[in-house]
Amino acid sequence: MNKLSPKAESLLTALASQPGVTQQHMDGLRDAIISSPALVDLFNDTLANSSGSEPELTALGVMSPGDNYGAKYDPNSGTLNLNLQSMLSATIDTQNSGNLSFLFAHELEHARNAVAMKEHWGTFYQDVRSIAATAAGPPRDYSAPAEAYLAHTRQDEARAQIRGLNILADRLQAEGKPVNEVELHTLGGVRTENFLDHNKSTGAVNWKKEYSPNLDNTLTMDASNHAAIDIHYYYKPPEIAQMGPSRHSDNSNHYGSAILQIVVDVERDINGA
């Protein structure tokens, strides 16, 4: 069995001492991690390749009460925050545990991409300042840098989704179960709805037609699967995505609001708008 590194164990120990975290919470999280050898390796490797000057993963934390995310990585602090209810639910049944395995892998991928995303954000910011300082207007057209940055966010989310799905496949293999659509859905539940169609009348489960799965029912990060994730995950409307504190947002608005704020702030700074 793949073992968690001393660094990984240290983060888990620190999480266990945080307010509101019980042994049952920790049991749920630990089982979700160690049930997939690939997730253990991913956790260890992410920590081994994180640096103090550019934090990728520095701590595990607890999400604020009422936050509807199952887990969320904070690139500013390098903290992967977890929902206490998700950790507790993981001790109740296998599907909840699979859900947490997926979420943990998804957020670890965001941590691994964090330095690159910070660089993309810096490029966007400098491009906005350049347009504000040199382009005629108002109005001024900021669509090119905005679209370029949003393309990077789509890639980041696609990588995270594929990582989560592939961890489910690895966990099934480790548990000696067949890695097929039915078992993926049984283990991952709602997290697989962006990949699989489930006919509740017949029980049949099949890949959504836009995906190109490998023969072992894993996914490769290629143009076809990236486009499929855009359709079935990134561009889900607010009433389905239910992101944000009021559950009325989606990925486009989540990232778009930050872009808009930068444009407003830069315009005020440079042009007094």
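**Salt bridges, cores and helix α7**

The structure holds 11 salt bridges. Keep in mind that this is a predicted model. I will take three of the bridges, then the nonpolar cores, then one helix.

Start with E109 and R163, whose closest N and O atoms are 2.7 Å apart. E109 belongs to helix α5 and R163 to helix α6, so this salt bridge ties together parts that are 54 residues apart in sequence. Are the two partners buried or exposed? E109 is buried, at a relative accessible area of 6%. R163 is partly exposed, at 29%.

The second bridge joins D269 to R129, with 3.0 Å between the closest N and O atoms. Here too the pair links distant parts of the chain: D269 sits in helix α10, residues 251-271, and R129 in helix α5, 140 residues apart. D269 counts as exposed, with 52% relative accessibility, and R129 as partly exposed, with 25%.

The third is R171 with E175, at 2.9 Å between the closest N and O atoms. R171 is buried, at 3% relative accessibility, while E175 is partly exposed, at 31%. This bridge does not stand alone: salt bridges with shared partners join D31, R171, E175 and K177 into one network.

Now the nonpolar cores. Which residues of the largest one touch the most other members? They are L29, I33, F43, L82 and F104, out of 31 residues in that core. Two or more residues each come from α1 (6-16), α2 (23-34), α3 (37-48), β2 (71-74), β3 (79-82) and α5. Helix α5 gives the largest share, 7 residues.

Look at F104 in detail. Setting aside neighbours within four places in sequence, F104 is in contact with L29, I33, L39, F43, L60, L80 and L82. Apart from this core lies another one, of 18 residues, including L184, L196, Y211 and I229.

L184 brings us to helix α7, which runs over residues 181-188. Its buried residues are E181, L184, H185, L187 and G188. Why do they fall on the same side of α7? Because they cover an arc of only 165° around the axis. Among the elements covering these buried residues are α5 (94-134), α6 (143-174), β4 (196-198) and β5 (205-207).

Last, the two ends of this helix. At the start of α7, a side-chain oxygen of N180 comes within 3.2 Å of the backbone nitrogen of V182. Just after α7, G189 has a positive phi of about 55°.

Note on methods. Residues numbered from 1 in each chain as written. Predicted model: local features only at pLDDT ≥ 70, side-chain atom pairs only at ≥ 80, totals over all residues. Heavy atoms only, no water. Buried < 20%, exposed > 50% of the residue type's maximum accessible area, 1.4 Å probe, protein only. Helix = DSSP H or I, 4+ residues; strand = E, 2+ residues; numbered from the N terminus. Arc of directions from axis to C-beta. Contact = heavy atoms within 4.5 Å. Polar contact = N/O pair within 3.5 Å; in protein donor to acceptor, adjacent residues only side chain to side chain. Core = buried A, V, L, I, M, F, W, Y, C linked by side-chain atoms within 4.5 Å. Salt bridge = Lys/Arg side-chain N within 4 Å of Asp/Glu carboxyl O.
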